[in-house]
Amino acid sequence: MYSLRKKSVTVLLMVALLLGILLAGVPDVEQSSAKSKQDYDIILKNGTIIDGTGKDRYVADVGINDGYITSIGDLDRDEGATEIDVTGKIVSPGFIDIHSHADTPVLKTAKSSITQGVTTELLSPDGGGPVDLEERYALEDEGLAINIGSYIGFNAVWEEVVGFDDRPATEEEITEMQSLIENAMEDGAWGVSAGLFYTPGNYAKTKEVIDVVSAAEKWRTNFPNHIRNENTHVVEATEETIEIGEGAGLVPVVTHMKVMGPNNWGKSEETIRLIQEANERGTFAAADQYPYLASQTGLTAIVPPWVQNGGREAMLERFADPELRPQIEEEIHEIIGSRVRDANDVYFPTERKTLQDIADERSVSPGEATIQILEEDGNLRTIYFFGHQEDFEQILENPTTAIASDGGATESDSTHPRRYGTQPRVLGKLVREDGLLSMEEAVMKMTGLPANIIGMVDRGFIAEGMVADLTVFDDKTVIDKADFDDPKQYAEGIEHVLVNGQFALRDGELTGNQAGQALKRNGDMPSRPMSLDEEHHVKVIGKIDQTEERKDPLIHISIEQGKQDSKSKGTFRLIDKKNGLHIKSRDIGLLQTYKSWASFTGTAKLKNSETVPVLIKIDEVNPFTGMQTIDIQAGDHHYEGNLKGKMDIQ
């Protein structure tokens, strides 16, 4: 007992000593209202800020330096090398599209995306993409107009190891696939995507999927899945996705969530209930949705999976079998009826014809026409007019449903209009015309919520210290122009877009800047729910273990954020005696917390009076080490390690 008391007194004395060292001789730092005149690279003046949190808009100036938001408020006393008056316009975070099938060469210019206000796209959804993520990151070397990130695709991993045969994976193959998942997470993947609707992913049983993707559990990441069935068995397929997420320790995300086919309309009530029940029991479950009642995929979507087993050549052999062909024709008719009303709702944008048009031209049934098209022309891009407005609205209004295009950068003139109009359609039609969401809710669903779902910590919100990915739009005129007959029509009303602090779009015109980056995710960037309707505080005091005795940086953090606040207040100080560096808080931005983890951004002043952006990530129990860890990026200065001291996250 005496020993325990002695240790407790020793710890208290150490904490008190550290606190005294940190606070001694350090004056209080006044907030932005009392700052001296500053110079900025860019000032956006008098904008109406919708900051991505879902909270009410406000009017303020935004000051940008070196690619970061460094001040928000009244900057009339300050000067910007570039100043733009955006009075009456909305200034929002750049839109984050977490489901992109971008034509990768087009990312050099990305006009279709930038004119929608998109600043970041996540590639390799639906389980696809390269197993080696370096193929994605190499796109930065060719020039990027917007940011990109990448998932690792479950289907791609399964194909790499198991192939296209419809069979169970062996134990050795499961281990090999787990290794590929781990490698991708270490390389910066933003989650493990799956397309359990598509071959060969649909050959995997639920337990096999859990076994493979659970390799990413320590990364606290997400599992966006094109569910096995979006029509007749949509409820069961949604349930399976949540089961996989919970079984693997990942956030289940039903991607491009929908209910297909007139016989299934109304089932969104059940599928949304499953997501809400998961959240109520402590599993963060989410979805994403595009604002159209029509989907686009390949023509093989209406071909039975057993027919596709073994790949295209095997499928063609079955088509050629005179005994199997009538059976396949009939099963195609059944699938059409489960997805849409009839073959008139199956549309080929490259042909400007429906499946029924082609069937009539050839005097055959829609099922036989499908087989002939696949034999002659391959897997044509196909649009399916599937949906019902009430289902669409119920999914949209679910608090954990984000907006994503299922499109991405393109220059095609024969594609789904979502690739040219998703985000402006939400802002113009769904918000302004239909009143389905408030503008604050819509912006949150395209910025803060998708950032949280994938684990981003430095984008998705307007706050001091965040990267300056910003979109400025006119909420009175913003609208999509693309339609199914003429999809290549650029949206209107997006006036300025900044990517990493540089203009990608200015006054509605592309600048040609290629400031985009290939973004990578770290293990201390968990997928997490929005947590801004609760009070939070973080307290840290101690040393960051840098292995050298008596030279470890001293750290003190004490910040808090109220329920109605979209920024926090408090202090952050770091003293690095070894390098003669003293960092102290100037403005604290947004605080985010999740379980035993926290992150916040802000700005800090160095000893030489230079102001730098700050990003801090804190783990009470790091899943990789089991230790208290902290990661601090302050301008060019980076500190990370175990904390020797006290940490409290509430």
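Lys45 and Asp76 join their side chains in a salt bridge, with N and O 3.4 Å apart. The partners come from distant parts of the chain, 31 residues apart. Lys45 lies in strand E1 (residues 39-49), while Asp76 sits in the loop between strand E3 (68-73) and strand E4 (79-85). Lys45 counts as buried, at 14% relative accessibility. Asp76 counts as exposed, at 55%. The model described here is predicted.

**More salt bridges**

Side chains of opposite charge can pair when their charged atoms come close. Across the whole structure, a search finds 26 salt bridges. Three of them are set out below, including the pair above.

| Lys residue | Acidic partner | N to O distance |
|---|---|---|
| Lys45 | Asp76 | 3.4 Å |
| Lys429 | Asp434 | 2.7 Å |
| Lys567 | Glu464 | 3.3 Å |

Lys567 and Glu464 also link distant parts of the chain, 103 residues apart. Lys567 is in the loop between strand E24 (554-561) and E25. Glu464 is in the loop between helix H17 (448-454) and strand E19 (470-473). Lys567 counts as partly exposed at 32% relative accessibility, whereas Glu464 counts as buried at 2%.

Lys429 and Asp434 both count as partly exposed, at 26% and 35% relative accessibility. Elsewhere, salt bridges link Arg57, Glu440, Asp475 and Lys476 in a network.

**The barrel**

Eight strands form a closed barrel, in the order E23-E24-E25-E26-E27-E28-E29-E30, with antiparallel pairing. On average, neighbouring strands of this sheet are turned by 30 degrees against each other, direction ignored. Take one pair. Strand E25 (residues 569-576) and strand E26 (residues 581-594) run antiparallel and share 4 bridges. Asp576 has Leu581 in E26 as its bridge partner.

**Two packed helices**

Helix H12 (residues 355-362) packs against helix H13 (residues 366-376) at about 90 degrees, and their axes are 9 Å apart. The two helices are therefore roughly perpendicular to each other. From H12, the contact uses Leu355, Gln356, Ile358, Ala359 and Arg362. From H13, it uses Pro366, Ala369, Thr370, Gln372, Ile373 and Glu376. By class, these are 6 nonpolar, 3 polar and 2 charged residues.

**A loop residue**

Asp187 lies in the loop between helix H5 (171-186) and strand E10 (192-195). Asp187 is partly exposed, with a relative accessible area of 30%. Leaving aside residues up to four places away in sequence, Asp187 touches Tyr137 and Lys520. Glu171 is 16 residues from Asp187 along the chain, and their C-alpha atoms are separated by 24 Å.

Conventions. Residues numbered from 1 in each chain as written. Predicted model: local features only at pLDDT ≥ 70, side-chain atom pairs only at ≥ 80, totals over all residues. Heavy atoms only, no water. Axes fitted to C-alpha atoms, helices over the stretch in contact; angles between N-to-C directions. Parallel < 35°, antiparallel > 145°, perpendicular 65-115°, else oblique. Contact = heavy atoms within 4.5 Å. Nonpolar A, V, L, I, M, F, W, Y, C, P; charged D, E, K, R; others polar. Buried < 20%, exposed > 50% of the residue type's maximum accessible area, 1.4 Å probe, protein only. Pairing = 2+ DSSP bridges. Salt bridge = Lys/Arg side-chain N within 4 Å of Asp/Glu carboxyl O.
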